[in-house]
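Colleague: I would like a close look at one part of this chain, the open sheet and what packs on it. Please take me through it step by step, then set it in the wider chain.

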Amino acid sequence: MGRGRWRAVGSALWRSVAVWLVSTLTMLALAGILPDFKLQADNGDSATRIAVTAALGAGAFGLLSSLVWPLLVRALLLVPALVLGLLAFFLNGSLLLLALRLIPDGRGDANPETAVVVAAVMSAVASATGGALAVRDDDAYRRRLYRLADRRRRRRRAEGQSGPVPPGTVFIQLDGVGHDVLRTAVRKGLMPTVAGWLGQEGEPSYRLTPWRTDWSSQTGASQLGILHGSNHDVPAFRWYEKDTGEVMVSNRPASAVELQRRAIERTGDGGLLTVDGASRGNLFSGGAEQIALVLSMAARRGKENRSRAGYFAYFSDPANAVRTALSFVAEVGREIGESTRARIGKRRPRIGRGGLYPLIRAFATVVERDVVVTAVIGDMLVGRTAVYADLVAYDEVAHHSGPSGSDVDKVLQRLDRSLALIAKVAEHAPRAYRIVVLSDHGQSPGETFRARYGLTLGDLVKAGCGLPVPRKARRTHSGAEARAAVRAALRRPVEEGAGQHRPAREAEPIVLASGNLGLVSFPDVHHRMTREEIDERNPALLPTLANHPGIGFLLVRSEERGPVVLGARGSEVYLDEEPGDLGPLTDFGPGAADAVRRTDGFPHVADIMVNSWYDPQDGEVLAFEEQIGSHGGLGGAQAHPFLLSPLVLSAPLAPLDEARELVGAERVHGVLRRWLAEYQGPEVPLVGGGATAAEDSRPGGPGGTALAATDPAVQDKTR
């Protein structure tokens, strides 16, 4: 064994002894504080004897935590993963009780409630002590990373690979963070890591590029297009398919599996991550072999479902479990405090934030973040080629607190710290890494349709059809991404009531909401109804919707003249005819007509597509769901996400295309695939030119344009 190995062994032994001593002192202190926790015989002991008992108890607890805890966690993967995190305290307490039973002569004793408290404190102290020593021992940390790098190189040689290792790529998706939100956060000093990349205090190393979503500005459509190269026939977050009688919901595992299958069939390739890739916390796998917390895999049963393995990798460390559980409780308290202040201060707009929402928020901002970031770090330390991870914290909080304000500012600060941690690990990974940060959509502010008008979109449709309208409007279900992750973790993957996914074929229309986008379908008519058929059946319906002040425009299809956009006061725009005045689409900005025209060509587009009102001055929309920060349709910041890429990568847009825009998730897929191919990296298999054809069919061509010098692009400082 070489001198370096002996130093590493000595350093590890020193840290273990130090943690043991600190744990012993902690146990002694707790025995003096807690009346139900003792370390001595009933008739008393000397101070020396008590100290020896504490040392034996701390040592036994440490050994059990190291040896037994991972086995317990692996066995408990059979129970819901979220429950596993919440059981951390009780499992630790059980291990402590067992450790006390191992002390000779029965000198250690505690009741179960006290054991939970003692175990939690000891795990937290041991974790903090070990972490502090590891941080100070930089040489030992570097040696460990070098050993991981050597192991990776030996594996490559064993597989017949030789030569320099090309850089890997890590894609971090900040779910729902719009381009303007990111720039504002950098300007306010909330995201110093991103600010450094963009060169606020030195040379820039990254470029910040905005891109524009399709009409359906939500994670299901965007991430499917980004990871699999096609989001064809995804008209909204949820929609009704007449041929099967099913309601498809993007964050329902069964729907995610089907959408992924359709995308692979259309493009002819498995996805962006098919070559040594990892997918973490996403709706779709991207073709990755390594997956964790991937919704499209959550519907599978049996050994092939490895999606929940990410929980084992994280919670197998008892310190991780305790730290995350404590942070979870703190986040629940933070949400209760924030919602109470909003209610007392009578903030507007405001929606209800009670019930299970504090737990859902804590899951998104703490559990999901910790597990996903830890999985990404693990992927980098083993040298995986391509990693794509989704952090949903901002999106979940912004739905209920709004896209801006102190509440979401705290979330953005924590996301920046996650990026800083990933960048730090990249410095020591066994291969160079290019870290790309992007978002799938933004969010637009505004009160809900129900709050402003006292009725839901469904009520308005019923009124237009001459059907009875309930006196009190029901709340529309909100389907944020984090809720699906919680359901998958609890093994309750169905998003809504089972009956809603296969509605009866009746004359009453089905009305679904996706942010500020609404869909109206008549299930008893098996084809897409034309404008003429709708007018004949319900003459008042289209005028009622088009002339309502909360509606921006409608899309229907004329039997004679093709797709037509309807607005107030009889405004009509026929999309297949020579463009002139865009009528109700004017306020929605450039590209609105193209986005609507593309959606009209989907096989499962609704009979009537409804986009809410939009105020171009304030950027506000009216959500048809219970959200004051929403996305899913056209209007405002929701359609303007970002792409933050190192300067060492080629520009998203070609130099000759600087006046043009990067439009659509399929185009973004083409850019990311090109980056993977650079520096002799992997190329995603492509059959029949599916993704390329999709990319070239978009307005703006195949490239991307960097921002001007006032918004400089930057390169990863770790390179």
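Modeller: What follows starts with the sheet, then turns to a helix pair, one loop residue and the chain as a whole. Keep in mind that this is a predicted model.

Start with the strand order. The open sheet has six strands, in the order β12-β13-β17-β14-β15-β16. Their pairing is antiparallel. In general, strands of a sheet pair through backbone hydrogen bonds, either parallel or antiparallel. Now look at the edges. β12 (510-514) and β16 (572-574) stand there. Each has a single partner strand, so one side of each is left without a neighbour in the sheet. From one strand to the next, the twist averages 20°.

Go to one pair inside the sheet. β14 covers residues 551-558, and β15 covers residues 562-566. Five bridges join the two in the antiparallel sense. To find one of these partners, take arginine 557: its bridge partner in β15 is proline 563.

Two helices pack on this sheet. Helix α19 (residues 457-464) touches β12, β13 (517-521), β14 and β17 (608-612). The direction of α19 makes about 150° with that of β12. Helix α23 (residues 592-600) touches β14, β15 and β17. Its direction makes about 45° with that of β14.

Next, a helix pair. Helix α15 (residues 357-381) packs with helix α17 (residues 406-426). Their axes are 10 Å apart, at an angle of about 10°. An angle under 35 degrees counts as roughly parallel, so α15 is roughly parallel to α17. The crossing of α15 and α17 is right-handed. On the α15 side, the residues that meet α17 include Arg361, Val373, Ile377 and Leu381. On the α17 side, Asp407, Arg414, Leu421 and Val425 are among those that meet α15. By class, this contact has nine nonpolar, two polar and four charged residues.

Then a single residue. Threonine 213 sits in the loop between β4 (206-212) and α10 (219-228). Its relative accessibility is 3%. The cut-off for buried is under 20%, so threonine 213 counts as buried. Leaving aside neighbours within four places in sequence, threonine 213 is in contact with Ser222, Asp440, His441, Gln638, Ala639 and Pro641.

Last, the whole chain. There are 25 helices and 22 strands. Of the 719 residues, 57% are buried. Take the contacts between residues at least 6 apart in sequence: 74% of them join residues at least 24 apart.

Definitions and conventions: Residues are numbered from 1 along each chain as its sequence is written. This is a predicted model: local features need pLDDT of at least 70, side-chain atom pairs count only at pLDDT 80 or more; totals for chains, interfaces and linings use all residues. Side-chain values use heavy atoms; hydrogens and water are left out. Two strands pair if DSSP finds at least two bridges between them. Helices (H or I, at least four residues) and strands (E, at least two) are DSSP runs, numbered from the N terminus. Axes are lines fitted to C-alpha atoms, for helices over the stretch in contact, and angles run from 0 to 180 degrees between N-to-C directions. Contact means heavy atoms within 4.5 Å. Buried means under 20% relative accessible area, exposed over 50%, partly exposed in between (1.4 Å probe, protein chains only). Angles under 35 degrees count as roughly parallel, over 145 as roughly antiparallel, 65 to 115 as roughly perpendicular and the rest as oblique. A crossing is left-handed if the near helix is turned anticlockwise from the far one by less than a right angle, and right-handed if clockwise. Ala, Val, Leu, Ile, Met, Phe, Trp, Tyr, Cys and Pro count as nonpolar, Asp, Glu, Lys and Arg as charged, and the others, Gly among them, as polar.
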